[in-house]
Amino acid sequence: MGYAFGSIDELGEGFGFRKVRRALGITAFGANVIVYPPGYDGFSHYHDTQDELYFVHSGTARFEVGDEVRELGPGGMVHVESKTPRKMTNVGDEPLVVLAIGGKDGYVERDGHMVDPADVERRAAFGKV
């Protein structure tokens, strides 16, 4: 299948990992939603080869990365290279919901193409608004 739709709620209930990659049939990168209860103290970890991007969907996360500690709310993001230890903790009074994307081997470059040639000019102008 060339595409798949889903939602966080469809992936399960309660706290823990929700396997986005498996549910949507993703093979090019890793993807999980992590749901922590209020006050949950996460785990310091690193990866052998996979960089990660964390996106805070809801709640308040404290990320400890290297020598830096930062709190991120909804819309906040942090990228962590594979070997860099990181720890995520829920410092809020509500569940923390974070989308974690993992990948390796670098950026693929811009390889998108317009299906409708009439959209080329409109797309070029979009970034200039």
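Trainee: How many bridges join β3 to β8, and in which sense do they run?
Mentor: This is a predicted model, so read every value as computed. Strands β3 and β8 are joined by seven bridges. One position in that pairing is D51, which stands opposite G103 in β8. As for the count and sense, the pair has seven bridges and runs antiparallel.

Trainee: Which strand pairs with β2 over seven bridges?
Mentor: Strand β2 covers residues 30-36. Its residue G30 has G102 as bridge partner, and G102 sits in β8. The seven bridges are antiparallel, and the partner strand, residues 96-103, is β8.

Trainee: How many bridges join β3 to β6?
Mentor: Strand β3 takes in residues 51-58, and its pairing with β6 is antiparallel. Within it, F55 stands opposite M77 in β6. The number of bridges is four.

Trainee: What is the order of strands in the open sheet of five?
Mentor: Put the pairs together. Strand β8 pairs with β2, and β8 is also joined to β3. Strand β3 is joined in turn to β6. The pairing is antiparallel, and the order is β1-β2-β8-β3-β6.

Trainee: Which are the edge strands there?
Mentor: Look at the ends of the order β1-β2-β8-β3-β6. An edge strand here pairs on one side only. The two are β1 (16-19) and β6 (77-80).

Trainee: By how much are neighbouring strands of this sheet turned against each other on average?
Mentor: The sheet is the open one of five strands. The angle ignores strand direction and is an average over neighbouring strands. Its value is 25°.

Trainee: What order does the open sheet of three strands have?
Mentor: Start with β4, residues 61-65, and β5, residues 68-72. Five bridges join them, and they run antiparallel. The sheet also holds β7, and its order is β5-β4-β7.

Trainee: Why is one side of β5 and of β7 left without a neighbour in the sheet?
Mentor: In the order β5-β4-β7, the middle place belongs to β4. Strands β5 and β7 (86-90) stand at the edges. One side of each is left open because each has a single partner strand.

Trainee: What does the twist average from one strand to the next?
Mentor: This concerns the sheet with the order β5-β4-β7. The average is taken from one strand to the next. The twist is 20°.

Trainee: Which residue is the bridge partner of R62 in β5?
Mentor: R62 belongs to β4, which spans residues 61-65. The neighbouring position, F63, has R70 as its bridge partner in β5. For R62, the partner is E71.

Trainee: Which residue takes a positive phi in the hairpin of β4 and β5?
Mentor: The hairpin has two residues between its strands. One residue in the loop between β4 and β5 is G66. The phi in question is near 60°, and the residue is G66.

Trainee: Is G66 buried or exposed?
Mentor: The cut-off for exposed is over 50% relative accessible area. G66 has 59% relative accessibility. That value passes the cut-off, so G66 counts as exposed.

Trainee: Which residues does G66 touch, not counting residues up to four places away in sequence?
Mentor: G66 lies in the loop between β4 and β5. Positions up to four places away in sequence are set aside. What G66 then touches is T84 and P85.

Trainee: Does V91 count as buried, partly exposed or exposed, and what places it there?
Mentor: V91 is in the loop between β7 and β8. Partly exposed lies between under 20% and over 50%. V91 has 29% relative accessibility, so V91 counts as partly exposed.

Trainee: Which residues does V91 touch, not counting residues up to four places away in sequence?
Mentor: Two of them are bridge partners of each other: R62 and E71. V91 also has a C-alpha 9.9 Å from that of F63, at 28 residues apart in sequence. The touched residues are T60, A61, R62 and E71.

Trainee: What pattern does the chain follow along the sequence?
Mentor: The chain has two helices and eight strands. Of its contacts with a separation of 6 or more, 60% link residues 24 or more positions apart. Read along the sequence, the pattern is β-α-β-β-β-β-β-β-β-α.

Technical notes
Residues are numbered from 1 along each chain as its sequence is written. This is a predicted model: local features need pLDDT of at least 70, side-chain atom pairs count only at pLDDT 80 or more; totals for chains, interfaces and linings use all residues. Side-chain values use heavy atoms; hydrogens and water are left out. Contact means heavy atoms within 4.5 Å. Two strands pair if DSSP finds at least two bridges between them. Axes are lines fitted to C-alpha atoms, for helices over the stretch in contact, and angles run from 0 to 180 degrees between N-to-C directions. Buried means under 20% relative accessible area, exposed over 50%, partly exposed in between (1.4 Å probe, protein chains only).
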